[in-house]
Amino acid sequence: MSENYTALYEQHKKAGASFTDFGGWQMPLKYESELAEHHAVRNAAGLFDLSHMGEVWVTGPQAAAFLDYALVGKLSAVAEGKAKYSLICDSDGGIIDDLITYRRSGDKFLVVPNAGNAAVVAAALLERAAGFDVVVEDASAETSLIAVQGPNAEAILLKLVPAEQHSLVTDLKYYAAVEVSIAGDELLLARTGYTGEDGFEIYVPNQDAAELWEALLEAGEGQGLIPAGLAARDSLRLEAGMPLYGNELSRHVNAYAAGLGPVVALSKESDFVGKEALAAIKAAGVGSTIGQKLVGLKGTGRRAARAHYSVLKDGTLIGEVTSGQPSPTLGYPVALAYVDVEHSAPGTTVEVDLRGKAEPFEVVPLPFYKRSK
C-alpha cells in the first residue's frame, strides 16, 4: 500500500471514495459511480484532487534560457501569465515526462510534472541547472492542486471570488493563469485541464486545501458539482485524445511517434537536451513516414479494447493498444494505439485481438470528443 496521502485524504474517505495506488499515492478511484462522475464533468462540473502532481519553481535571471535548454519547447517565448505544454526528454529523445509550465513573471516559472515523475523531473531540472543563474525549488510536498472541470466550472468559481475580481476569471484564456482571491485566500488559478472541458486548476498550500475543497463543494450545490476520481479522469482524457504518461508516453517513445512533434522547437537557436537526437528522428521520418504512430481507434462493435491488446491487419501484428474503454459520452468503444505508419491513415480498418477474438476497429482522427464552445 502506498505511503503517500494528499492533504484531502480525509475528505475523500468521508465522501466514501474507493482508493487506488497511482504514482505512489493513495488516490480516489471513484466515489459512487465513475459513469455519474464522467457525465457530471461533461454536463455540469466535477471536482478533482490532483495534489499528487508536482510543482517545481524555477526562478532567476536565466530562468527562461535555462528552460529553453531543459525542455524541448521555447519557454522564453511564453508571455507572462501564460502557460505552455512541453516535454522533458533524455539525450536520446525519449520522453521523461510531459508537463505544463506557467510563466508567472519575467524570471519566475512554475513547472508542473506528472505524479509519478515529479521527483524525477525535479532531479533532472536540478542537474540541468548547472551553469545557469537559476534556483530550482521543488514545492510539491507543500502544495495541493484542486481542479474544477465542466461547463459550470466558471459559474461555481465566481461564487467564491470577490465581485471586483470576476473579470479576472471570466477573461482568463485557456493555458493562462492569474492570482485571485478564492474563498478568502490569494491563490494561483489556471484555466487548464485534462478532461476536454472548460475548467480550472487551483494551487493551494496543503494547510488550506481541505477548507477550499469544502467551499467549492458548497458553491457547486445547485450547479451539479460532484467529486470525481481517477476512473472518470481517465475516461474523460481518453475521449479528449490526451496522452497519459506510462501508457502513451515513456522513455521508449519519441515526440514524433506520439504525435507531439509540434511541441518540439528544433528552430530554437540554443541547444536543448535531446535536440540532436530529435532532429535525426524527424529527418528519418519516424512517426510520420516510418516506424509506428499513435492513432485513435473507434470500435464498430460493443466490446472495448484495453491496454496491451494486439492490433492486427489481416491477421498480421501491426501494433498495440495503449489505452481503451467504452466511451460514456459517445456510446462506442474508443482506444489509443501505436500502429505501423502504413496503417495509420484515418479510415483504415484494423482488428484488435480481444482475448482471442479479432474485432474490427477503424482508425479515426483525434480527439474522439470535442466540446462545443
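## Exercises on a predicted model

The structure holds six aromatic pairs. The model is predicted: local features need pLDDT of at least 70, side-chain atom pairs count only at pLDDT 80 or more, and totals for chains, interfaces and linings use all residues. Residues are numbered from 1 along each chain as its sequence is written, and side-chain values use heavy atoms, with hydrogens and water left out.

### Exercise 1. An aromatic cluster

Classify the ring pair of tyrosine 5 and tyrosine 9, then the pair of tyrosine 9 and phenylalanine 19.

*Solution.*

Step 1. A pair of aromatic rings is described by the distance of the centres and the angle of the planes. Rings of Phe, Tyr and Trp (its six-membered ring) pair if their centres lie within 6.5 Å; planes under 30 degrees apart count as stacked, over 60 as edge-to-face and the rest as tilted.

Step 2. For tyrosine 5 and tyrosine 9, the centres are 4.6 Å apart and the planes stand at 70°, so this pair is edge-to-face.

Step 3. For tyrosine 9 and phenylalanine 19, the centre-to-centre distance is 4.8 Å and the angle between the planes is 40°, a tilted pair. Because tyrosine 9 lies in helix 1 (residues 9-14) and phenylalanine 19 in strand 2 (residues 18-22), the pair ties together parts that are ten residues apart in sequence. Helices (H or I, at least four residues) and strands (E, at least two) are DSSP runs, numbered from the N terminus.

Step 4. Ring pairs thus join Tyr5, Tyr9 and Phe19 in a cluster. As to accessibility, buried means under 20% relative accessible area, exposed over 50%, and partly exposed in between (1.4 Å probe, protein chains only). Tyrosine 9, at 17%, is buried; tyrosine 5, at 35%, is partly exposed, and phenylalanine 19, at 24%, is partly exposed.

### Exercise 2. Two residues of helix 1

Determine which residues glutamine 11 touches, not counting residues up to four places away in sequence.

*Solution.*

Step 1. Glutamine 11 belongs to helix 1 and is buried at 13% relative accessibility.

Step 2. With contact defined as heavy atoms within 4.5 Å, glutamine 11 touches Ala210, Trp213 and Glu214, residues up to four places away in sequence not being counted.

Step 3. Glutamate 10 is also in helix 1 and is partly exposed, at 49%. The C-alpha atoms of glutamate 10 and alanine 210 are separated by 8.6 Å, while the two residues are 200 residues apart along the chain.

### Exercise 3. Backbone geometry

Describe the peptide bond between leucine 366 and proline 367, and locate the positive phi values of tyrosine 175 and aspartate 314.

*Solution.*

Step 1. Most residues other than glycine have a negative phi, and most peptide bonds are trans.

Step 2. Leucine 366 and proline 367 are joined by a cis peptide bond, with omega about 0°. Proline 367 is placed in the segment after strand 20 (357-364).

Step 3. Tyrosine 175 has a positive phi near 60°. This tyrosine 175 sits in the loop between helix 6 (166-170) and strand 11 (177-182), and at 18% relative accessibility it is buried.

Step 4. Aspartate 314 has a positive phi of about 55°. The loop between strand 16 (310-313) and strand 17 (316-326) holds aspartate 314, which is exposed at 67% relative accessibility.
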